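The exercises below ask you to read helices, loops and empty spaces from a model, and each task is followed by a solution in steps. Please keep the sequence and the structure in view while you work.

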Amino acid sequence: MTTDTATDVFEEHRPVLMGVAYRMLGRVADAEDVVQEAWLRWSAADRADVREPRAYLVRVTTRLAIDRLRQVKARGETYVGPWLPEPYVTDFGDTVPDTAERAVLADSVSLAVLVVLESLSPLERAVFVLREAFGYPYADIAVMLDRGEAAVRQLAGRARKHVDERRPRYEVDPAQRRDLTERFLAAAGEGDLAGLMAMLAPDVRLIGDSGGKSQAPLRVLESADNVGRFLVAVAGKGVPEMSFRFLELNGGPAVLILSGDTPDSVLQVDVSAGRIRSVYIVRNPDKLRSLASA
């Protein structure tokens, strides 16, 4: 395999590798670092014996992501305020034509699921991502992780049970989420508390991630009254030279709010029974850098 061919093969599989790494780490920069390291290993490897490049590259990427995740957990860094994954642009385009498969991929990269995945062990997280998001057979995952198939099935069962118990159930209709998001923005911008309250579920939660580097609630806000009043107060202060655009982030519609040309925040909502059940606001500037050119 020539160098040019090796590059072409790697670039063909880069979206899958990035998808695996991001779901493992919840951080775009870390995922990009892992994929770059996978490229270095691929370019230096003896590729003559590699029968299935995709399987080989996914295995390398997964193991590198596990190592990175263990390093992060070992550092035991304290995060200021609630933590959310770094927003990730998802545009499956024509690469995933099947509606059911698109729904699975979108769900596996959603903010709600990634928050739950943070509490899994690195191995549990790897098994969950490879099995639930990408549909790999247990036998293949066992080879990738150098574990017995029975052990992998056990890890998968624990991970699935943990996720099912902790993740909220939301509707994934993107048109409904987009419509509610647009109305939500309009009501907040106009200071229409009654209009907001009509859209918010009584037990709605607002999770704001600032990392202590910008203004956002340092705890999760709960109840329609608390969330509605907070949003009206924040909207009243405004953002200098504010503009916004809709993007597909983490498998669903989201709003990128800009101050001039600089990303100020990302807003996304989850919906159930026609009402907003969760509001996510990411304001940590470190997590918005990758969206500057989005």
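**Exercise 1. Describe helix H11, beginning with what follows it and ending with its packing partners.**

Begin just past the end of the helix: H11 is followed by Gly238, which has a positive phi, near 75 degrees. Helices here are DSSP runs of H or I with at least four residues, strands are runs of E with at least two, and both are numbered from the N terminus. The model is a predicted one, in which local features need pLDDT of at least 70 and side-chain atom pairs count only at pLDDT 80 or more, while totals for chains, interfaces and linings use all residues. Residues are numbered from 1 along each chain as its sequence is written, and side-chain values use heavy atoms, with hydrogens and water left out.

Next, check the length of the helix. The expected span is 1.5 Å times one less than the number of residues, and for the 14 residues of H11 this gives 20 Å, which agrees with end C-alpha atoms that are 20 Å apart.

Then sort its residues by accessibility, where buried means under 20% relative accessible area, exposed over 50%, and partly exposed in between, with a 1.4 Å probe and protein chains only. The buried residues of H11 are Ala224, Val227, Gly228 and Leu231. They cover an arc of only 95 degrees around the axis, which puts them on the same side of H11; the arc is that of the directions from the helix axis to the C-beta atoms. The face turned away from this buried side carries the exposed residues Gly236 and Lys237.

Finally, the buried residues of H11 pack against H9, helix H10 (193–199), strand E1 (200–209), strand E2 (221–222) and E6, with contact meaning heavy atoms within 4.5 Å.

**Exercise 2. Carry out the length check and the sorting for H9.**

For the 16 residues of H9 the expected span is 22 Å, and the end C-alpha atoms are 22 Å apart, which agrees. The buried residues of H9 are Arg177, Leu180, Thr181, Phe184, Leu185, Ala187 and Ala188. They cover an arc of only 165 degrees around the axis, which puts them on the same side of H9. Ala175 and Gly189 are the exposed residues on the face turned away from the buried side. Beyond the helix, H9 is followed by Gly191, whose phi is positive, near 70 degrees.

**Exercise 3. Describe the largest pocket and the largest cavity.**

Start with the terms. On a 1 Å grid over the protein atoms alone, a cavity is a set of points where a 1.4 Å probe fits but cannot get out, whereas a pocket is an open set with protein on both sides within 12 Å along at least five of seven lines; lining residues have an atom within 4 Å of a point. Grid points are joined across faces, edges and corners, and a volume is the space filled by probe spheres set on the points.

The largest pocket holds about 780 Å³ of space. Its lining has 27 residues, of which Val234, Ala235, Val239, Ile257 and Asp264 lie nearest its centre. Two or more lining residues are given by each of helix H9 (174–189), helix H11 (224–237), strand E3 (242–249), strand E4 (252–259) and strand E5 (262–272), and the largest share, six residues, comes from H11. By class, the lining divides into 18 nonpolar, six polar and three charged residues. In this scheme Ala, Val, Leu, Ile, Met, Phe, Trp, Tyr, Cys and Pro count as nonpolar, Asp, Glu, Lys and Arg as charged, and the others, Gly among them, as polar.

The count of cavities of 30 Å³ or more comes to one, and the largest cavity has a volume of about 40 Å³. Its lining is made by Pro87, Leu111, Leu249, Asn250, Ala254, Val266, Gln268 and Val282, with six nonpolar, two polar and no charged residues.

**Exercise 4. Is Asp146 buried or exposed, and where does it lie?**

Asp146 counts as exposed because its relative accessibility is 60%. Asp146 lies in the loop between helix H7 (138–145) and helix H8 (149–166), and although it is not a glycine, it has a positive phi of about 55 degrees.
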